[in-house]
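User: I am new to this structure and would be grateful for a close look at one part of it, the place where two helices pack against each other. Please set that part in the context of the whole before going into detail.

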Amino acid sequence: MDIEKEINEITGFKNLELLAKQVVEGFISGLHKSPFHGFSAEFAEHKIYNSGESTKHIDWKLFAKTDKLYTKRYEEETNLRCHLIVDNSSSMHYPKLKRFNINSLNKIGFSVLASAAIMNLMKRQRDAVGLSIYSEEYEFYASEKGSERHHQMLLQKLNEALLSSKERSTTETYTYLHLIAEKLKRRSLVFLFTDMLQSDVEAEKLFEALQHLKYNKHEVILFHTYDKKHEVNFDFSNRPKRFVDVETGEHINLYAKNIKQQYEEAVKEYFRELELRCAQYRIKYVKTDINESFNKILTTYLVERQKFG
């Protein structure tokens with residue numbers, strides 16, 4: 001065994017599917033306290049049998065238990081299409097981690113597990129899901145499907161995103177959003193996980209690309225993903241530190257407390273501007289702190305799913 005290689009190797013989630021299932025089941029168990037009291041893990045597995053339909057797919061075991069006729073639903077009966085978009089640029093791999101679990105996540109780890117949890121809910125609903133992953137290139141694209149094979153393939157690609165540790169790679173989110181807008185042929189719910197770290201010019205182009213998706217009748221939900229402790233509250237010890245831009249390699253040496261207030265005010269203003277722009281373009285904007293639970297993500301999915309028609 002190469003011990004040095006073993007120590008330096010970044011490993012993804014040991015079982016992403018199981019972890020996503022646990023996240024979702026924990027979420028569902030708490031839904032009795034929420035507006036989604038009627039949501040059930042079994043909800044999308046069956047539909048009520050209507051007189052005149054073929055009896056081929058009636059679930060007779062369920063009939064024996066309930067004395068009611070239900071038919072099994074199949075993947076071609078999907079009633080919602082969802083496309084997940086994950087930013088896999090260098091900045092999304094902050095903070096650097098060697099191991100991933102629900103209590104140890106960076107921005108890409110949080111986005112991957114959140115995406116897998118949404119996929120788990122969609123699987124229960126027999127909905128179709130697609131996936132795009134981009135960094136400095138368009139790494140992966142899959143159109144919306146509902147099959148188990150497709151689901152497993154997307155989980156594998158999400159886990160691979162964790163392992164592709166980026167070194168100083170910049171990305172142009174807007175470029176890939178325009179490509180995705182051209183690829184999505186049918187109206188979909190679009191969920192974008194990104195930390196929104198780009199220049200002012202790129203931010204303007206990003207909103208043009210988001211408008212492209214809206215123009216094509218898609219509903220867009222932006223999960224603004226960040227590490228609140230460090231990236232918003234600038235919570236660092238007051239020793240001299242070197243802060244490095246992971247996408248350009250540029251760095252600056254300073255004491256954190258010397259710029260903490262100025263930094264926090266600038267970030268607060270930036271977040272406010274993002275929220276206003278999203279409201280202007282009717283894009284759902286969700287602040288997503290990677291140190292919080294996934295409940296906000298899954299609640300947003302359920303709310304938007306109910307509204308989507």
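Analyst:
**A helix pair and its surroundings**

Of the protein's 309 residues, 46% count as buried in this predicted model. The secondary structure comprises ten helices and ten strands. Among contacts between residues at least 6 apart in sequence, 76% link residues at least 24 apart.

The part to examine is the pairing of helix H4, residues 107-125, with helix H10, residues 295-307. The axes of these two helices come within 10 Å and cross at roughly 40 degrees. An angle of that value makes H4 oblique to H10. The crossing of the two helices is right-handed. On the H4 side, the contact is made by Phe110, Ala114, Ala117, Ile118, Leu121, Met122 and Gln125. H10 contributes Ile297, Leu298, Tyr301, Leu302 and Arg305. Sorted by class, the residues of this contact are ten nonpolar, one polar and one charged.

Leu298 offers a view from the H10 side. This residue of helix H10 is buried, with a relative accessibility of 0%, a value that falls under the 20% limit for burial. Setting aside neighbours within four places in sequence, Leu298 is in contact with Ala117, Ile118 and Leu121, which belong to the H4 side of the pair, and also with Val23, Val24 and Phe27. Phe27 stands 271 residues away from Leu298 along the chain, yet the C-alpha atoms of the two are separated by 7.8 Å.

Ile118 leads from the helix pair to the interior of the protein. In soluble globular proteins, nonpolar side chains tend to be buried together. The largest nonpolar core here has 50 residues, and the members that touch the most others are Phe13, Leu84, Ile118 and Phe191. H4 supplies the largest share of this core, eleven residues. Leu84 in turn touches Ile118 and Phe191, as well as Ser115, Met119, Val129, Gly130, Leu131, Ser132 and Phe193, when residues up to four places away in sequence are not counted. A second, separate core has 27 residues, among them Ala181, Leu206, Leu210 and Tyr281.

The loop that joins strand S3 (81-87) to H4 contains Pro95. Leu84, discussed above, has a number that falls within the range of S3. Tyr94 and Pro95 are joined by a cis peptide bond, with omega at about -10 degrees. Most peptide bonds are trans, and most residues other than glycine have a negative phi.

Two residues outside the helix pair depart from that second tendency. Lys217, although not a glycine, has a positive phi of about 75 degrees. Its place is the loop between helix H7 (200-215) and strand S7 (219-226). Phe234, also a residue other than glycine, has a positive phi near 50 degrees and lies in the loop between helix H8 (228-232) and strand S8 (241-244). The two residues contrast in their surroundings: Lys217 is exposed, with a relative accessible area of 57%, whereas Phe234 is buried, with a relative accessible area of 6%.

To return to the part requested, H4 meets H10 in a right-handed crossing, and H4 also gives the largest nonpolar core its largest share of residues.

Technical notes
Residues are numbered from 1 along each chain as its sequence is written. This is a predicted model: local features need pLDDT of at least 70, side-chain atom pairs count only at pLDDT 80 or more; totals for chains, interfaces and linings use all residues. Side-chain values use heavy atoms; hydrogens and water are left out. Axes are lines fitted to C-alpha atoms, for helices over the stretch in contact, and angles run from 0 to 180 degrees between N-to-C directions. Angles under 35 degrees count as roughly parallel, over 145 as roughly antiparallel, 65 to 115 as roughly perpendicular and the rest as oblique. A crossing is left-handed if the near helix is turned anticlockwise from the far one by less than a right angle, and right-handed if clockwise. Contact means heavy atoms within 4.5 Å. Ala, Val, Leu, Ile, Met, Phe, Trp, Tyr, Cys and Pro count as nonpolar, Asp, Glu, Lys and Arg as charged, and the others, Gly among them, as polar. A nonpolar core is a set of buried Ala, Val, Leu, Ile, Met, Phe, Trp, Tyr and Cys residues joined through side-chain atoms within 4.5 Å. Buried means under 20% relative accessible area, exposed over 50%, partly exposed in between (1.4 Å probe, protein chains only).
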